[in-house]
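Okay, thanks for coming, everyone. I've got one model to walk through today, so let me put it up on the screen.

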Amino acid sequence: MKDPVFQSIRINNMTVKNRIYLPAMHLSMCENYMVTERLCDFYAERAKGGAGMVCVGYATIDELSASKGYIGAHDDAFIPGLSKLAEAIKSNGARAAVQLNHSGRYNHSFLTEGKQPVAPSAIASRLTGETPRELTVPEIKEIIKRFADAAARVKKAGFDAVEVLCGTGYLISEFFSPLTNQRTDEYGGSDENRMRFGLEIMAAVRAAVGPDFPVMIRINGNDFMPGGQGRIPHLNFAKAMDASGNINAMCVNVGWHEARVPQIVASVPRGVFAFLARGIRESVKVPVIASHRINDIATARELIADEMCDMVAMGRSLIADPYLPAKAMAGREKEVVHCIACGQGCFDNLFKMKSVECLCNPRAGHERETIIEQTKTPKKVMVIGGGAAGMSAALAAHERGHDVTLYEADSILGGQLYLAAAPPGRAEFAELAKDLATQVSVNAIKLRLNTMVTPEIIDAEKPDHVIIATGAKPITPRIPGIDKPHVVQAWDVLLNKAHTGKNVVIIGGGAVGVETSIFLAEKGTLPADAVKFLLVNRAEDPEVLYEMSVKGTKTVTLLEMTDSIGKDIGRSTRWTMIQEMKRIGIRTGVQSKAVEILDKAVRIEHDGNVEEIPADSVVIAAGAMPYNPVQELLEKKGVPFTVAGDAGKIALAFDAVHQGFLAGRSID
């Protein structure tokens, strides 16, 4: 039987070669709304990799709909750039679409030269902290027209389809939600009136592009906002859109940016929100695309085969590995490098006003400048350390044409990626370790496991260049009582090399401390399969099951000397972890210094006061320091070397992968 993922599908008069849809993602690669070579290169690579359809955007319909880093579609001056982008996608085998949107109250005045954002009602945005100006009816009519005008430009530029974003807390969903729409005219009040704005936009878009041009929407299945629009209102919105006859497909996503239900991080199970796409698919006639955390072909295949959806949106999955579709179609699924939902290079970069990159793929967003040319002088390269930096370095040096041997002291490759994978909801980091190890294997890079590099090995191998990627080791702070038997390192706890008692105090509130606190606090909670078993058999009340899912058997206290917990965690992930810590009852103390570890307590200073916190076990999460035992030796022997990852400076996994890649490709 043919793989359901790789069957073609019709959307209006357009045939898409497979069911993989790259949804619109803001990449911040435009300049003054203009399409750049970098943007074209990014999308050309994803089209070349086998995606059936690529949607770019979102694109603007006026100057208040986004900032200048977004794709411009609000003026004819942008058509040449749009045409170039469409051609970059279509010439590489994919269908090309543009998503149009107006951000409404989600825009920032500092990005629009001081112009006040607009919305259905003057209700402040928790995301921006700004209060928008309420739109007048004539202004509403003008925005509707501008959506239509932008759609016409998309068609004129040569794209195959247009999509309109009707969810995610942007302007159309702001009109639909009673949280943000308190109007009393024809655009407010009843659900029917609050749908009107979106329906009128789609009618205008259809009129502008004609009956045969594919028109799509991206709509929430649930906005996950307390007091907002849940599953049933959104289902009704989808049905109204379908009944209008103005759309040909819909992509179902979830949540507003303000919602407190995680949507994109590693703790979100793969494909978990597809049930919302299923509900809509069963109620409409047009094809439905499922979204969020579909990062592998197996999940995509199951969702389509089980009729949960007609297509799957794979966005960050194709940032991590543009060739995911081609690999799967060729029977090489094991070679896919999966998105691990870390957010370090994509969403976190946007918060830093930077363009999108990827932890798992150092080439993402740098497709042209990271092309690796074969060296004319192959060298014998020794890579010491098989963690993220070491594997990345070995792969890049091998691709450059060098003779590479990778040395790892442990029995498996992966290093600290397995530490990062230990806490609940972080298992995807282990997938990256396995994916990189697979790449080392399929590229036939020579590997020496269980091998500590000695002077004798270096003398015997006579390398032309060495890449030092030996990683880090945990810091042991000078605290009286640190050598007591009930004091253990967080790394050992996460790797199940050390056990803890009932009352645990963790010293150090950075990323490792936070991860360790969650790891320990969830000990004794019900696992997911147990919850389902007890729930479907009605063995316990759902509220009891909830309590048993979040309350473990340990009392955990996390201490941090500075004024904030988890400062070194990326913004897109940090809030979810802090929220989880509160839910499972982890006690935290900031500006709290551990001054002595006693037999059954930790003595701390806080606000000039000294107190004791009961502790059966004390876990040290005081940070890490570079571990680089070979640099001095190489310097004495005169062997050229490069240091990558934590062996040089403690940083994120993102930095380790990127530094390793750079080190490997830079060897002449």
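So, T36: buried or exposed? T36 is buried, because its relative accessible area is just 13%, and buried here means under 20%, exposed over 50%, partly exposed in between, with a 1.4 Å probe and protein chains only. Bear in mind that this is a predicted model: local features need pLDDT of at least 70, side-chain atom pairs count only at pLDDT 80 or more, and totals for chains, interfaces and linings use all residues. Residues are numbered from 1 along each chain as its sequence is written, and side-chain values use heavy atoms, with hydrogens and water left out.

Where does T36 sit? In the loop between strand 3 (20–22) and helix 1; helices (H or I, at least four residues) and strands (E, at least two) are DSSP runs, numbered from the N terminus. The T36 side chain reaches the backbone oxygen of M29 at 2.7 Å. Setting aside neighbours within four places in sequence, T36 is in contact (heavy atoms within 4.5 Å) with M29, C30 and E31.

Next, the cavities. On a 1 Å grid over the protein atoms alone, a cavity is a set of points where a 1.4 Å probe fits but cannot get out, and lining residues have an atom within 4 Å of a point. Points are joined across faces, edges and corners, and volume is the space filled by probe spheres set on them. That gives 3 cavities of 30 Å³ or more.

The largest has a volume of about 90 Å³. It has 14 lining residues, with C339, C342, G343, C346 and C358 closest to the centre. That lining divides into 10 nonpolar, 2 polar and 2 charged, where Ala, Val, Leu, Ile, Met, Phe, Trp, Tyr, Cys and Pro count as nonpolar, Asp, Glu, Lys and Arg as charged, and the others, Gly among them, as polar.

The second largest cavity, at about 60 Å³, is lined by 13 residues, with M25, H26, L27, L39 and I71 nearest its centre. Helix 1 (37–48) and strand 4 (53–59) each give two or more residues to that lining.

Last stop, strand 16 (residues 465–468). Both its faces are covered: H465 and I467 on one side, V466 and I468 on the other, all buried. Strand 13 (residues 380–384) runs parallel to strand 16, joined by 4 bridges; strands pair if DSSP finds at least two bridges between them. There, I384 has I468 as its bridge partner. Strand 27 (residues 641–643) also pairs with strand 16 in the parallel sense, over 3 bridges, and T642 is the bridge partner of I467.

Key:
On a 1 Å grid over the protein atoms alone, a cavity is a set of points where a 1.4 Å probe fits but cannot get out, and a pocket is an open set with protein on both sides within 12 Å along at least five of seven lines; lining residues have an atom within 4 Å of a point. A polar contact is a pair of N or O atoms within 3.5 Å; within protein, one must be able to donate a hydrogen and the other to accept it, and residues adjacent in sequence count only if both atoms are side-chain atoms.
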